[in-house]
Each structure stands twice: as C-alpha cells, then as structure tokens.
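Reader: Before any discussion, please show the sequence and the model. My questions will follow, and I would ask that terms be defined where they are used.

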Amino acid sequence: MRVDIVERPEELAASSGSDPGPSEVVLHLAFEDRPDVPGLSVAPTPSAGAHGRISLLYGAPGERHAAIVGLGGALRLDAERLRRAAGCAARAVGREGYAAAAVDLGAAEDRLDAEACVQAWVEGWLLGSYAFNRYKKEAEPGAVSSLRLRIGGADGQTAARYAEKAQLRAESTMLARDWCNEPANVMTPERLVEEIERRFADYPDVSVRVYRGDDLAAFGMNGLLAVGQGSRHAPALVELIYAPDPTLPLTALVGKGMTFDMGGMNVKTGRDLSEARFDMGGACAVAGALDLLARGGAAARVAALIAVADNVPGSGAMLPSSIVRYPNGLTVQVGNTDAEGRLILADALLHAQRLGASEIVDIATLTGSVGQALGLRVSGVWGDAAVTEALRTCGESCGDRVWPMPLVDDDEELLRSSYADLSNIGSSAYGGACTAALFLRRFVGDGVRWAHIDMANTVQSPADRGYEAAGATGFGVRLLADYIERAFGQRPGRGADTL
C-alpha cells in the first residue's frame with residue numbers, strides 16, 4: 001500500500017504530483033466527548049464518537065464521500081486505541097471497494113505526538129485490512145491501494161519513516177498470520193520448515209540450520225522425536241541465528257511449532273478441531289519477530305529456535321506412560337500425550353543454552369487454562385521478574401498484552417511421577433498454566449534469565465475486532481521484536497529509529 005504524508009487539510013482530497021489520483025473517501029476522527037469534528041460539514045450523531053464506530057457519509061453525485069472514525073473518550077486515547085480504530089476503519093472502507101482513502105490525524109495529535117499517530121494509524125490500518133482468502137474463488141473487496149495522511153506537528157520526511165516502520169511491523173505480523181492460518185493439509189511440518197528456509201535464505205545477517213532425524217537423536221532432542229513419532233511428517237528443530245554483531249550477548253527466542261495438535265493418543269474432542277492448526281502460533285511469532293528485527297536492521301544478537309512437529313494418533317504414536325530422557329539428565333513420564341508442547345520446548349530450551357544464550361524467552365500455545373485466568377486478550381508470562389515486567393511494558397505499548405503470573409515452588413510436587421523425575425502433566429485440575437511453566441523452568445540452568453509466554457488464549461480472534469481479523473492474530477511478533485530492541489538498549493539499526 002502506498003502511504004503519502006501531507007500537511008494541509010486541502011491536500012487530503014486533491015491529487016498532485018505523482019499521486020495515483022484523488023482520494024475517494026476522507027476520514028475524520030471524532031471523540032465521543034467532543035461534539036465538533038474538524039473538516040466535517042455535517043454534525044455527527046452523539047454515538048459517532050464511540051470507539052471503533054465507523055459512520056460512512058455518502059456524498060451526492062460528483063461529491064466526495066466521507067467517514068467518521070470514533071476514538072472514544074479523548075483522555076483515554078493512546079497508540080493502541082488509535083491502532084484499533086484504524087483497523088476498524090480499514091475494514092469498513094475496504095468493504096466499500098474504495099481504492100484511495102485519506103485521513104486527517106489532527107484530532108489525535110492533541111493526545112499523541114505526530115510520529116506516534118502516523119505509526120499507530122498505518123500499523124492498525126494494514127493489520128485491519130488483512131484477509132486470508134487465498135483459497136476463495138471470489139475474494140471479497142480488498143484493501144485500499146493508496147492512503148494519504150495529514151499531520152500537523154511533524155516533519156514530512158520523519159513521518160514517512162515512521163510510516164515505513166509501521167509497514168514493516170504489519171508485514172511481519174501478517175506473515176505470522178498467513179502461516180498460522182494455513183490449513184493442516186498444506187502447513188505440514190515439512191512445509192513450515194520450507195517456508196522458514198525460503199523466507200530467511202537471502203537475509204545477510206541470518207544463518208539457518210535445520211535439525212532432523214539423526215541430528216535430533218545426536219543432540220538428544222528426544223521430546224521432538226517422541227511427540228512426532230505418530231505422524232508421517234517428521235519433526236524438526238529450526239535454528240535461525242541473527243548476528244550482525246557477533247560480540248553482543250545472545251538472546252534466544254523459542255517457539256512451539258505444532259502444525260496440528262490432535263492430542264496424540266489422548267485425542268482431543270471438540271466442536272471445531274480445525275483450530276488445532278493454531279498450535280503453531282508460538283513458532284510463527286518467533287519467526288515473525290526475527291523477520292522484523294532482521295529487516296529493520298536491529299542491533300541485536302538473537303537465536304530463534306522453532307520446534308516443529310505434528311501431534312496425531314497413529315500406530316507408532318507416543319503412548320501414555322512413556323518415559324522421555326533429556327540430555328540434562330532429567331526423565332519425564334508422559335501422563336498425557338496432549339501435554340506435548342512442553343516436551344518439545346524442553347529440547348529447544350536446552351539447545352538455546354548449548355548455543356550460549358544468556359537469556360531465553362519462549363512463547364507457546366501451551367495450556368487452555370491460561371484463558372480461564374486471563375480471558376482472550378491478555379497472555380500470561382512467567383519467569384524472571386525483570387524480564388516479565390519488561391515484556392508487560394512492551395505489550396502495553398504495542399498491543400500484544402501480557403500479564404506476569406506466579407511461579408510457586410511448592411507446586412512442583414504436582415509434577416511428581418512414580419517412575420521418572422517429572423510428569424508432563426500436573427496432578428491437580430487447577431493452575432495448569434502455572435504447573436506447565438514450572439515444568440519448563442526445570443530445563444533452564446542457573447544464571448540464565450528466562451521467561452515463558454503462554455499465548456494459547458490470544459493466538460486467534462473469534463471474530464473481526466479492531467485490527468484483528470477472525471483467525472490467527474500474529475500475537476507475539478511485535479511484542480518479541482520490541483522486547484529485543486529494548487533489551488539491547490534501543491540502539492538504532494540500519495538507517496532507522498528503533499522499531
């Protein structure tokens with residue numbers, strides 16, 4: 001999508017220079033507690049300013065169309081609320097079939113600086129325009145191809161850089177959405193590995209290595225081998241190293257890539273099992289974050305480790321009561337084959353330390369119980385207090401919200417096994433997300449900072465809302481990228497501000 005920055009209201013509608021043409025619809029921002037809408041020739045209804053409300057105003061023949069975008073209360077406006085309103089607007093405008101749109105961001109500049117307004121609006125607009133329709137014969141009307149923004153308080157070139165930054169962020173998030181939305185017969189473990197290899201093949205500062213078969217056995221990645229043994233699709237561990245400066249300390253991002261989780265021999269039951277394909281959301285988040293960091297030229301050193309497998313029942317599938325041995329000496333008895341994510345994450349956590357990572361953040365669709373605690377909009381995070389708080393702060397800013405959760409040492413007894421060091425499932429019906437985090441902690445060595453994000457409740461949206469489309473959300477891409485940028489001191493990368 002083409003984005004142009006203008007500084008005067010009269011430039012919103014007119015075409016000039018190399019512009020593709022005049023805007024077909026001009027959007028005006030409205031607050032529910034402020035009756036006046038600058039630039040609008042009609043009085044809005046009292047409800048027009050409600051957050052996310054889009055009111056289309058059709059002009060007479062020969063006149064330009066307009067729309068009112070509700071931002072809610074003026075004092076509550078922040079970058080995330082502006083992003084969500086932009087997503088709603090993009091969907092409404094796209095459904096009308098407009099090719100060129102313009103928006104006056106002046107009203108939002110009362111609460112946010114101009115650069116933040118531009119970045120939030122473009123990011124939200126692009127994410128809100130997203131649709132996964134590659135398998136439809138007749139796709140619905142698409143997104144606009146040209147967007148013109150008016151700002152008042154920033155240099156046009158600076159604003160344009162923020163718009164470019166927003167486009168990078170949206171594109172990497174949409175990459176994660178695309179991969180996660182693919183049907184199970186397309187996005188197999190082999191296909192996911194191929195997509196990752198293809199995506200990062202030409203990135204100059206990224207090296208790619210894939211561990212399969214004998215390599216997995218040689219490194220003792222027995223969790224992957226055990227979980228994947230029931231599928232005709234072989235498991236793998238993908239290692240991506242982004243190191244423009246090899247002297248920096250290494251941070252590892254670990255993602256769960258279960259391309260389809262049928263539960264293994266403890267087979268899942270439910271109304272819509274197609275959602276089992278979203279169990280690769282953590283892998284997509286990690287890949288998307290590394291994509292964003294690498295394309296933005298972030299000054300960081302990151303290992304992205306993606307554990308890939310299918311968890312399906314079959315004649316060779318892992319059985320309940322099986323025992324898995326790990327290279328750190330721990331043995332795990334499989335109390336439930338549907339608690340497979342922690343088995344493969346354990347392999348990746350140990351490999352991250354083998355690579356020398358001083359800090360690890362893992363992200364996974366790990367437990368249903370996290371949603372019982374936090375609902376469907378906020379993920380849980382466990383681990384090092386400084387890391388979890390930094391992730392919470394990043395999430396509040398970018399919209400991928402997380403909330404710190406407790407690690408209660410006494411609850412480790414819930415993972416006790418009569419035949420092995422650990423069971424892969426807790427013995428209590430309560431606190432499943434917390435016991436899963438405790439399980440993972442056993443695979444992190446002393447002196448390594450670690451945090452675990454359970455995103456099972458935020459990996460998908462049940463319906464179009466804000467800048468999220470029904471289906472995969474791409475949760476975690478911007479969160480992890482922002483965290484890495486901040487962890488490495490917000491040092492600017494190639495030719496840009498920090499992400």
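Author: A salt bridge here is a side-chain nitrogen of Lys or Arg within 4 Å of a carboxyl oxygen of Asp or Glu. The model is predicted, so local features need pLDDT of at least 70 and side-chain atom pairs count only at pLDDT 80 or more, while totals for chains, interfaces and linings use all residues. Residues are numbered from 1 along each chain as its sequence is written, and side-chain values use heavy atoms, with hydrogens and water left out.

Reader: With which residue does Arg295 form a salt bridge?
Author: Arg295 lies in helix H7 (residues 281-296), and its partner is in that helix too, four residues apart, about one turn; helices are DSSP runs of H or I with at least four residues, strands are runs of E with at least two, and both are numbered from the N terminus. Arg295 is partly exposed at 29% relative accessible area, whereas the partner counts as buried at 0%; buried means under 20%, exposed over 50%, and partly exposed in between, with a 1.4 Å probe and protein chains only. The closest N and O atoms are 3.3 Å apart, and the partner is Asp291.

Reader: How many residues apart in sequence are the parts that Glu182 and Arg134 tie together?
Author: These two residues form a salt bridge whose closest N and O atoms are 2.6 Å apart. Glu182 lies in the loop between helix H3 (156-181) and helix H4 (189-200), and Arg134 in the loop between helix H2 (114-129) and strand E6 (146-150), so the pair ties together parts whose separation in sequence is 48 residues.

Reader: Is Glu182 buried or exposed?
Author: Its partner Arg134 has 47% relative accessibility and counts as partly exposed. Glu182 has 3% relative accessibility and therefore counts as buried.

Reader: What separates Glu389 and Arg392 in helix H10?
Author: Glu389, partly exposed at 36% relative accessibility, forms a salt bridge with Arg392, with the closest N and O atoms 2.8 Å apart. The two are three residues apart in helix H10 (residues 385-398), so the separation is about one helical turn.

Reader: Which residues do salt bridges that share partners join into one network?
Author: The structure holds 27 salt bridges. Those that share partners join into one network Glu80, Arg83, Arg84, Arg465 and Glu468.

Reader: What distance separates the C-alpha atoms of Asp205 and Ala294?
Author: Asp205 lies in the loop between H4 and strand E7 (206-212) and is partly exposed at 23% relative accessibility. Asp205 and Ala294 are 89 residues apart along the chain, and their C-alpha atoms are separated by 7.3 Å.

Reader: What is the phi of Ser321?
Author: Most residues other than glycine have a negative phi. Ser321 is found in the loop between strand E10 (302-311) and strand E11 (323-325), and counts as partly exposed at 49% relative accessibility. Although Ser321 is not a glycine, its phi is positive, about 90°.

Reader: What is the radius of gyration of the chain?
Author: The secondary structure comes to 12 helices and 19 strands. For 499 residues the globule rule gives 23 Å, and the chain is close to that, so it is as compact as a globular protein of that length; the rule is 2.2 Å times the number of residues to the power 0.38, and the radius is taken over C-alpha atoms. The radius of gyration of the chain is 24 Å.
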